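Please open the structure in a viewer and keep the selection panel at hand. The tour below proceeds from the whole chain to individual side chains.

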Amino acid sequence: SALVLARQGHEVTVVERDDTPMPSSADEAFDWDRRGAPQVRHSHAFLAKLVGLLRRDYPDVYAELLAQGATEMRFGEDLPPTIVDFQRLAEDDELVMLACRRTTFEWVVRGAALAEGHVTFRTGVGVDGLLAGPGADGSAVPHIVGVRLADGTTIDADLTVVAAGRRSALSEWLAAVGSQPVAEEVDDTGIVYFSRFYRLDEGQVYPPRTGPIGGDLGYLKYGVFVGDNNTFSVTLATPTNDDQLRKMLADPAVFDACARQLVATAPWLDGRASPITEQVHVMAGLLNRWRDHVVDGVPVATGVLPVGDAVLCTNPLYGRGCSTAFWSAHLMADAVAAHADDPMAMALAYDEALRSEIFPFYRSGVDQDREARRVAAALLAGEDPDGDTSDPRTFMRSVF
């Protein structure tokens, strides 16, 4: 958000509660104290939509990500040897993922924002609330004119962008200035995440990526994710109600032993790599959530636009978080550019873009989760989820 708004010529102040001074390398960034973003040391996927946006509109940022150790993963690479007749099509070049740690991505984008010369970071201080003024053109809708910080100071602003993540208190802040309630839809994913990062030892290489990268055993989901600079991560996910397995997997020795028993992750932990996170990072409270800040065709407030997880959260199994967050910031900036002098039109245009372009992916994820829970419950009960054992889809559902 700061990067693209600065490139439009705006002066931007970023208020970051975490004390995160700018590091000098990707590995230093991995050690950032990011309590406000507990997911940073979990596995991340940077999908083709995000890569396409970067290559098209932020080519300098994309080049810097590659220069700092991120690598491309192209559709059609690493195919199993049994697939011998694959032919690339021109449009396949759009299907490129990026292998990168979340902290490296954040570090590179922050560096690009700072390089614009219009961005100031204030780290180690949080926002406690919003400042409201008279509604635009006499409207009863609150108009936000800045923020109040935890230290009692304030910052005046023509526009406040809330990128405060899935724990965002924006709904409470808006209620405190008299807005109508934000409409919210929540669906619990029913899983808990466990992740650990590793780096290849000297002279070692990644194992072949021609087999599965993950799987779902019903009681345990698992996957491996390549990072930048010879790093990778393994993530295991358990049902929220499996207290025994949850407690055991938090032990690094048990976590590694479990990963060595799984077909997708075993080759990665065969002695070729060493952990770079001493502990196993655990993340619970994983929700699918959509927040509507336009209700019955009217924004709950003007002068404030939420982006990323402050708008929508999706099941991390689908790896969509960073892609939809960057995409929503991009759409936000489009609305700002088109309606700089009309905050009401700005809010409505942004909401329309979100619902048109991103909401279908949220809805798809929620529907997939519900179907997966139904199938898993049937399989764990020894039942056929489809009532037809001759249907190969039954087997494929049990695999995925």
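For the charge count used in this tour, Lys and Arg are taken as positive and Asp and Glu as negative, while His and the chain ends are left out. The model is a predicted one.

**Whole chain.** Begin by selecting every charged side chain: 35 are positive and 58 are negative, and the centres of these two sets are separated by 4 Å. Next, switch to a cartoon view, in which 12 helices and 20 strands can be located. Along the principal axes, the C-alpha atoms occupy a box of roughly 65 × 50 × 45 Å. The radius of gyration is 22 Å, which agrees with the value near 21 Å for a compact globule because the protein has 400 residues. Contacts between residues 24 or more positions apart make up 73% of those with a separation of 6 or more.

**Surface and interior.** Display the accessible surface; about 19,100 Å² is exposed, and 53% of this area comes from carbon and sulfur atoms. Then hide the surface and colour by burial: 46% of the 400 residues are buried.

**The largest nonpolar core.** Select L54, V61, L65, L98, F105 and Y350, the residues with the most contacts inside the largest nonpolar core, which has 52 residues. Helix α9, residues 321-338, should be highlighted next, as a contribution of 8 residues makes this helix the one that gives the most to this core. Now centre on L54. Beyond residues up to four places away in sequence, L54 touches P59, V61, Y62, L65, F105 and F326. Another core, of 23 residues, lies apart from the largest one; among its members are A99, L220, V226 and A259.

**Helix α7.** Move to L245, located in helix α7, residues 243-249. Is L245 buried or exposed? L245 counts as buried because its relative accessibility is 18%, and the cut-off for burial is under 20%. Select Y219, L220 and T238 as well: L245 touches these three when residues up to four places away in sequence are not counted. A C-alpha to C-alpha distance drawn from L245 to Y219 gives 9.1 Å, across 26 residues in sequence.

**A buried arginine.** Finally, select R34 in the loop between α2 (26-30) and α3 (48-57). With a relative accessibility of 8%, R34 counts as buried. Which residues are in contact with R34, leaving aside neighbours within four places in sequence? Show E16, D18, T20, V40, R41, R102 and E106 to see these contacts of R34.

Notes. Residues numbered from 1 in each chain as written. Predicted model: local features only at pLDDT ≥ 70, side-chain atom pairs only at ≥ 80, totals over all residues. Heavy atoms only, no water. Helix = DSSP H or I, 4+ residues; strand = E, 2+ residues; numbered from the N terminus. Rg over C-alpha atoms; globule rule 2.2 N^0.38 Å. Buried < 20%, exposed > 50% of the residue type's maximum accessible area, 1.4 Å probe, protein only. Contact = heavy atoms within 4.5 Å. Areas by Shrake-Rupley, 256 points an atom, 1.4 Å probe, with all protein chains shown as cover. Charge placed at Lys NZ, Arg CZ, Asp CG, Glu CD. Core = buried A, V, L, I, M, F, W, Y, C linked by side-chain atoms within 4.5 Å.
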